[in-house]
Amino acid sequence: MSRPYQTSIGSFTRKSTFFWASVGATVGLANLWQFPYLASHHGGGLFLLVYLACLLLVTLPLMVTEAAFGRYARHGLVLALDGLVSSARCSRGWMLAGRLGIFAAFLVLSYTAVFGAIGLAYVFQGAVGRFSGGGEAGAAAVLAELVSDPGHYRQFMAWHAFFLVLVVTVSARGVRAGLERSLRLLVPTTLVLMLALFLLAATVGRLDLALDRVLGLHWQDLSWTSVSAALFQAFYTLGLGMGVWTILGAYTAPRTRFKRSLLATVLMDTLVAILAGLTIFALTVGGASAGDAHGFSLLFVLLPASLAPLAASQFLLAAMYLLVVLIVWATALALMEPVVAWLREWTGAPRLFSSVLVGVAVWAAGLLSLLSFNLWADVRLGGATVFRWLELVSGGVLVPVVAVLVSVFAGWCLTRRLAHRLIGETPAAFAAIWYGVLRWVLPVAVVAMGCMYSVASLESVCDAGAAALWCDRGEPLQVPGSGSGRPGDGGDGTAAPAVPGPLEPVPASPGEGADAPENAPNDDEILYHSV
């Protein structure tokens, strides 16, 4: 017989597990390959203050709402909305938000696993010394061989399958024996490893320059574009609009202070982003493209090239990319949970069957992204690769649509009494801000971000030379902080020696006469970030 606070799909046994699971869900690749770039180009410490304001005043209320849905209903997003729709006597059409959120989580997980495969491969590549003596050109060659070389796609597929086996193995063990135990180990290990790498960077790198770039107050770089960039980062870094927070809220143990835990999660995510920025800039400040590198070129080219000349570089590289793997692993577990829970609630299937079935489906969907980097690199739908369309549909359409629907439903469809009952006892000021943001701020802000994201992505396809119907050959709209969409352009429009796209040669680093490697992923294949 089910006990109180235990759903048919499971629950956590310890109050602190919700915090560790929340940190694992929020700390993602955007903390490593996007936040340092944004901070250094938009005012350093001033950008950080704006970013914190966006987190606390705009996106945290939606995070609290999604988690409150799950804690109140003790179900995933679809069934939680079903119960709330019945209680508020609203249209059952609102349940569409739940189904779209599950689909968004599935799509984002499919290409998140591909990034995890790259990180996993780099642990071994670094350990065996593949980056020694090659500089940035050599590191780009390693990345190209792994990801973009049609002759090596089977190896890439093997790493992809290996990573998903790690994810499915944890998920199949259940909420308590799998998810809870793993996240309570994975997340603290990740934080300790990140702190150790930061101390190393402070010892052997240029911490003074890193502090100036990330935390220095540069008023001349702060603009309204900086505010937009901070809002984009605050929205996409929290994993909103995918049912993640609803299922984690459903799993909370009795007497968990979930609002306090979510606030601590937001602050921890910010601290991790700062540490990541300081570590990366301290280690890469001497690189040729250190000023404007982000995305693939920062994490998989400039960083290994900067670590390779150091003493014990093989150990350091393995540790650095083990950190990447742990981060993506925790992210993947958080993304997989709402999908597995939905399947179990919908069909009543056992946990093992549901986890394996979802894992196989994610593997198959992930191949669409994986192969679009190599065998299908020339296959273009409307001028964009399959991966680009998956990223656009999930990050530019589904996630914003679900976020808007959830905020409008909570702010306008639920009665004020029921809405406040969802979040429980809370200070009157917080309740007023939360309710006002849901009703008036979030819908407008998220619609604007989704439109800018989608239009900028379509414009960047045109800028790459496609002749799609929507291409007018005008100036492309930029997503704040994302670059222009051209390989090698920084967010400020200045040229940066980034990783070239498919079929474009990589120039050798200054002073190096090495032959140019073949292909490497485009820096702006990921227009912004959904992970």
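Is Trp-363 buried, partly exposed or exposed, and why? In this predicted model, Trp-363 counts as partly exposed because its relative accessibility is 33%, and the partly exposed class runs between the limits of 20% and 50%.

## Surroundings of Trp-363

Trp-363 sits in helix α16, which spans residues 351-372. Setting aside neighbours within four places in sequence, Trp-363 has contacts with Met-157, His-160, Ala-161 and Leu-164.

One of these partners, Leu-164, is 199 residues from Trp-363 in sequence. In space the C-alpha atoms of Trp-363 and Leu-164 are 7.1 Å apart.

## Overall fold and confidence

The chain contains 19 helices and zero strands. It has 531 residues, of which 62% count as buried. Taking contacts between residues at least 6 apart in sequence, 80% join residues at least 24 apart.

Mean pLDDT for the chain is 87, with 85% of residues reaching 70 or more. Helix α1 (residues 17-26) has the highest confidence, at 98, while helix α19 (residues 428-463) has the lowest, at a mean of 90. Residues 1-6 have pLDDT below 50, and this stretch makes six contacts in the model beyond near neighbours in sequence. Residues 526-531 also stay under 50 in pLDDT; the model gives them 46 contacts beyond four places in sequence. Where pLDDT is low, the predicted coordinates should not be read in detail.

## Nonpolar core

The largest nonpolar core is made of 176 residues. Phe-69 and Leu-414 have the most contacts inside this core. Helix α15, residues 313-347, is its main contributor, giving 22 residues. In soluble globular proteins, nonpolar side chains tend to be buried together.

Beyond four places in sequence, Phe-69 touches Leu-77, Ala-80, Leu-81 and Leu-84. The partners of Phe-69 also include Val-406, Phe-409, Ala-410, Leu-414 and Leu-422. Thr-246 is in contact with Phe-69 as well.

## Second largest cavity

Six cavities of 30 Å³ or more are found in a search of the whole structure. The second largest of them encloses about 80 Å³ of space. By class, its lining has 10 nonpolar residues, one polar residue and no charged residues.

Helices α9 (175-204), α13 (258-284), α14 (296-307) and α15 each supply at least two residues of this lining. The largest share, four residues, is from α13. Among the residues lining the second largest cavity are Met-194 and Leu-197, Leu-275 and Ala-276, Thr-279 and Ile-280, Leu-299 and Leu-303, and Met-320 and Leu-323. Leu-32 also lines this cavity. Helix α15 thus appears both in the cavity lining and as the main contributor to the largest nonpolar core.

## Second largest pocket

The second largest pocket has a volume of about 250 Å³. Its lining consists of 13 residues. Those nearest the centre of the pocket are Arg-71, Arg-255, Thr-256, Arg-257 and Phe-258. Helix α13 gives the most to the lining, with three residues.

By class, the pocket lining has four nonpolar, two polar and seven charged residues. The lining of the second largest cavity, by contrast, has no charged residues. Helix α13 gives the largest share of the lining in the cavity and also gives the most to the lining of the pocket.

Technical notes:
Residues are numbered from 1 along each chain as its sequence is written. Side-chain values use heavy atoms; hydrogens and water are left out. A nonpolar core is a set of buried Ala, Val, Leu, Ile, Met, Phe, Trp, Tyr and Cys residues joined through side-chain atoms within 4.5 Å. Buried means under 20% relative accessible area, exposed over 50%, partly exposed in between (1.4 Å probe, protein chains only). Contact means heavy atoms within 4.5 Å. On a 1 Å grid over the protein atoms alone, a cavity is a set of points where a 1.4 Å probe fits but cannot get out, and a pocket is an open set with protein on both sides within 12 Å along at least five of seven lines; lining residues have an atom within 4 Å of a point. Grid points are joined across faces, edges and corners, and a volume is the space filled by probe spheres set on the points. Ala, Val, Leu, Ile, Met, Phe, Trp, Tyr, Cys and Pro count as nonpolar, Asp, Glu, Lys and Arg as charged, and the others, Gly among them, as polar. pLDDT is the predictor's confidence in each residue, from 0 to 100.
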